[in-house]
Amino acid sequence: MSQLLDRKLKHFFTLMDRDRSGTLELNDYLTTADGVSSAFGIAEGSAEHHELRRAFTRFWEDVVKPMDTDGNGHVSFDEYLTAYNAGVRDDAQGYERMKPISDAILAITDTGSNGKITEDDFALALSGYGVPEPDGRAAFTALDQDRNGFLTPDELQKAIEEYFLGTDPELPGNTLFGRF
Ligand SMILES: [Ca+2]
Ligand SMILES: [Ca+2]
Ligand SMILES: [Ca+2]
């Protein structure tokens with residue numbers, strides 16, 4: 001495995017481990033749901049807030065929880081890496097599996113529902129994931145390759161593929177989740 005890819009995965013894992021327990025649990029994803037919700041000024045307990053928590057719960061149930069191969073209720077970095085290698089890296093269609101992540105980010109950040117993500121919304125969404133706002137803004141600048149001031153679903157999808165699959169240190173997508 002490329003060292004860069006390994007560092008990116010570790011960074012993403014650490015970012016998702018919101019309570020810093022060293023392992024992933026449903027509660028980590030609910031914390032992120034709450035973080036994204038409050039970043040966008042969504043009222044606690046509102047229907048929108050509940051929908052976000054449901055979306056992150058589904059992501060945990062469908063994508064992350066199955067990685068808990070020893071069944072102890074916690075997903076360790078080793079379990080995560082094993083699942084990644086089996087499900088993404090060694091599979092020609094592996095990048096397709098990243099699609100739900102980009103769809104989820106897009107659904108949250110595309111506040112105008114017009115397929116265009118502004119720098120402010122992008123930085124806000126990432127801050128909900130625990131990425132410092134200046135890092136989010138720097139990532140936006142790197143990822144807006146055509147410099148039109150918006151990220152389109154295609155640009156976001158490309159960034160996600162580059163982050164999770166790219167081994168070239170110069171790829172703009174490496175900056176997607178902030179500095180590591
Ligand atoms: Ca945790
Ligand atoms: Ca486990
Ligand atoms: Ca653009």
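Donors are N, O and S atoms within 2.8 Å of the metal (3.2 Å for Na, K and Ca), and since water is not among the atoms, sites may look incomplete. This is a predicted model, in which local features need pLDDT of at least 70 and side-chain atom pairs count only at pLDDT 80 or more, while totals for chains, interfaces and linings use all residues. Residues are numbered from 1 along each chain as its sequence is written, chains are lettered from A and ligands numbered from 1 in the order in which they are written, and side-chain values use heavy atoms, with hydrogens and water left out.

**Calcium sites**

For the calcium ion (ligand 3), the donor residues follow the spacing D-x1-D-x1-N-x1-F-x4-E in sequence. For the calcium ion (ligand 1), the spacing is D-x1-D-x1-S-x1-T-x1-E-x2-D. The table lists the donor atoms of both ions.

| Ion | Protein donors | Distance |
|---|---|---|
| Calcium ion (ligand 1) | D17 (OD), D19 (OD), S21 (OG), T23 (O), E25 (OE), D28 (OD), D28 (OD) | 2.3 to 2.9 Å |
| Calcium ion (ligand 3) | D144 (OD), D146 (OD), N148 (OD1), F150 (O), E155 (OE), E155 (OE) | 2.3 to 2.6 Å |

The site of the calcium ion (ligand 3) is irregular, with angles of 51 to 156 degrees among its 6 donor atoms. Four donors count as tetrahedral if all angles lie between 85 and 135 degrees; four count as square planar and six as octahedral if opposite donors are over 155 degrees apart and all others between 65 and 115; anything else is irregular.

Burial is judged by relative accessible area: buried means under 20%, exposed over 50%, and partly exposed in between (1.4 Å probe, protein chains only). Among the donor residues of ligand 3, E155 is buried because its relative accessible area is 13%, whereas F150 is partly exposed at 27%. At ligand 1, E25 is buried at 12% and S21 is partly exposed at 41%.

**The chain and a helix pair**

The chain holds 8 helices and 0 strands; helices (H or I, at least four residues) and strands (E, at least two) are DSSP runs, numbered from the N terminus. Of its 180 residues, 44% are buried.

Helices α2 (residues 26-39) and α3 (residues 47-64) pack at an angle of about 145 degrees, with axes 9 Å apart. Axes are lines fitted to C-alpha atoms, for helices over the stretch in contact, and angles run from 0 to 180 degrees between N-to-C directions. Contact means heavy atoms within 4.5 Å. Residues in this contact include L26, Y29 and L30 of α2 and F56, F59 and W60 of α3.
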